[in-house]
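Subject: Structure handover

Dear colleague,

Here is the structure you are taking over. Please open it alongside this message, since the notes below refer to it residue by residue.

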Amino acid sequence: MTDTYRPAEPIWCAGCGHFGVEGALLLALSDLSIPKEETLVLAGIGCSGTIQNNLGTYGYHALHGRVLPTATGAWMANPKLTVIAAGGDGDGYAIGMGHLIHAFRHNPSFTYIVMNNGVYGLTKGQNSPTRHGTRPIDAILLGLSVLETTFVARGFTRAPEQLRDLTVRALKHARAGHGFAFLEVLSPCVTYNDTYALWDAEYVDLDTDGEHDPTNRSQAFSRVTELHAEGRIPIGLIHHTERDPTAALADPSAADIGPDSHIASYEDILDRYKVERHNR
Ligand SMILES: Cc1ncc(C[n+]2csc(CCOP(=O)(O)OP(=O)(O)O)c2C)c(N)n1
Ligand code: SF4
Ligand SMILES: [Mg+2]
């Protein structure tokens with residue numbers, strides 16, 4: 001029975017980028033001294049969606065594409081928990097894309113790590129919405145286009161120290177109550193879409209570009225758009241801004257769906273049911 005609760009060995013192919021994401025996350029949790037028992041990692045479905053099995057934190061395997069609403073519920077139920085949502089580009093940008101836009105908009109204060117490899121790795125390599133040459137979606141540009149967005153960054157498993165640093169920054173942002181921390185990671189699938197060489201040639205590190213100011217949203221939007229036109233992929237801290245940590249609590253839409261209103265509705269339904277039964 002106790003075996004059920006032991007972290008598993010990763011089941012990924014040798015060389016899979018997801019190992020790098022897991023390593024950076026474990027180091028970042030340790031850098032920030034975040035206790036594992038106060039951390040919940042939720043993941044979607046995919047090779048990436050097994051990351052929570054390997055960490056020793058609390059874990060939850062959400063339905064395909066539904067990791068963001070599930071994580072939002074967990075964060076609302078216990079905002080003191082360090083909540084980390086994770087998953088793949090198929091999970092997050094295809095079936096789950098509608099949730100991403102609303103997460104940027106509502107700004108729940110948790111971290112979301114998307115492992116982007118351009119394919120559905122688990123189901124043997126079908127094109128995902130980020131597949132090279134298919135007019136791919138750029139979730140960083142999407143995030144920048146939503147005015148409420150507070151944190152967007154992109155790492156690459158080829159740059160492990162930077163990835164660790166970006167993961168630390170994302171966790172800090174969310175834990176301080178500044179809002180939704182979105183971190184996409186270029187995490188190649190060596191079996192079905194080996195993009196290491198391609199991305200080596202294409203990425204541009206904005207953290208070492210003296211001109212990039214991550215606090216300036218419109219400048220970040222222009223720079224990312226220009227780089228796209230040149231066939232380049234920006235990595236680094238693309239944009240961040242600090243939101244008032246109490247803003248989420250003052251958000252009326254958040255108050256509407258809090259646990260108190262659920263309990264009141266539940267009791268109301270139950271009372272009406274009892275009256276109807278009695279009158280039959
Ligand atoms: C509702 C539903 N539709 C389709 C699937 C099949 N399916 C499983 S994983 C997956 C995509 C995985 O791709 P991604 O999220 O990019 O993760 P990766 O394996 O590449 O890490 C799909 C379509 C499913 N499990 N559930
Ligand atoms: S199929 Fe691709 S994404 Fe899945 S474990 Fe193997 S290398 Fe990683
Ligand atoms: Mg994928």
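The notes below cover the metal site, the ligand pocket and the salt bridges. Please keep in mind that this is a predicted model.

Metal site

The magnesium ion (ligand 3) has three protein residues as donors: D89 through OD, N117 through OD1 and V119 through its O atom, at 2.1 to 2.2 Å. Along the sequence these donors follow the spacing D-x27-N-x1-V. D89 and N117 come from distant parts of the chain, 28 residues apart. D89 sits in helix 3 (residues 89-95), while N117 belongs to the loop between strand 4 (111-116) and strand 5 (119-120). Both D89 and N117 are buried.

Surroundings of ligand 1

Which residues are closest to ligand 1? They are C47, S48, D89, G90 and D91, out of 17 that surround the ligand. D89 therefore appears in two places, as a donor to the magnesium ion (ligand 3) and among the residues closest to ligand 1.

Some polar contacts to ligand 1 are worth looking at in the viewer:

- D89 has a polar side-chain atom 2.6 Å from an oxygen atom of ligand 1.
- S48 also places a polar side-chain atom by an oxygen atom of the ligand, at 2.8 Å.
- G121 makes its contact through a backbone N or O atom, which lies 2.9 Å from an oxygen atom of ligand 1.

On its own, ligand 1 has 590 Å² of accessible area, and the protein covers 73% of that. By residue type, the shell around ligand 1 consists of 6 nonpolar, 9 polar and 2 charged residues. Helix 3 provides the largest share of this shell, with 4 residues. Strand 5 is another contributor, supplying at least two residues.

Salt bridges

How many salt bridges does a search of the whole structure find? The count is 8, and three of them are described here.

R158 and D200 form a salt bridge in which the closest N and O atoms are 2.7 Å apart. This pair links distant parts of the chain, with the two positions 42 residues apart in numbering. R158 is in the loop between strand 7 (151-156) and helix 6 (160-175), and D200 is in helix 7 (residues 196-202). R158 has a relative accessibility of 44%, so it counts as partly exposed. D200 is partly exposed as well, at 34%.

Two further pairs lie within helix 6. E161 and R164 meet in a salt bridge with an N to O distance of 3.8 Å. They are separated by about one helical turn, because they are 3 residues apart in helix 6. E161 is exposed, with a relative accessible area of 56%, whereas R164 is partly exposed at 22%. E161 and R164 also belong to a network of salt bridges that includes D31.

The other pair is D165 and R169, whose closest N and O atoms are 3.2 Å apart. These residues are 4 residues apart in helix 6, which is about one turn of the helix. D165 is partly exposed at 34% relative accessibility, and R169 is partly exposed at 37%.

Regards

Technical notes. Residues numbered from 1 in each chain as written. Chains lettered and ligands numbered in written order. Predicted model: local features only at pLDDT ≥ 70, side-chain atom pairs only at ≥ 80, totals over all residues. Heavy atoms only, no water. Donors = N, O, S within 2.8 Å, 3.2 Å for Na, K, Ca; no water. Buried < 20%, exposed > 50% of the residue type's maximum accessible area, 1.4 Å probe, protein only. Near = heavy atom within 4 Å. Polar contact = N/O pair within 3.5 Å; in protein donor to acceptor, adjacent residues only side chain to side chain. Areas by Shrake-Rupley, 256 points an atom, 1.4 Å probe, with all protein chains shown as cover. Nonpolar A, V, L, I, M, F, W, Y, C, P; charged D, E, K, R; others polar. Salt bridge = Lys/Arg side-chain N within 4 Å of Asp/Glu carboxyl O.
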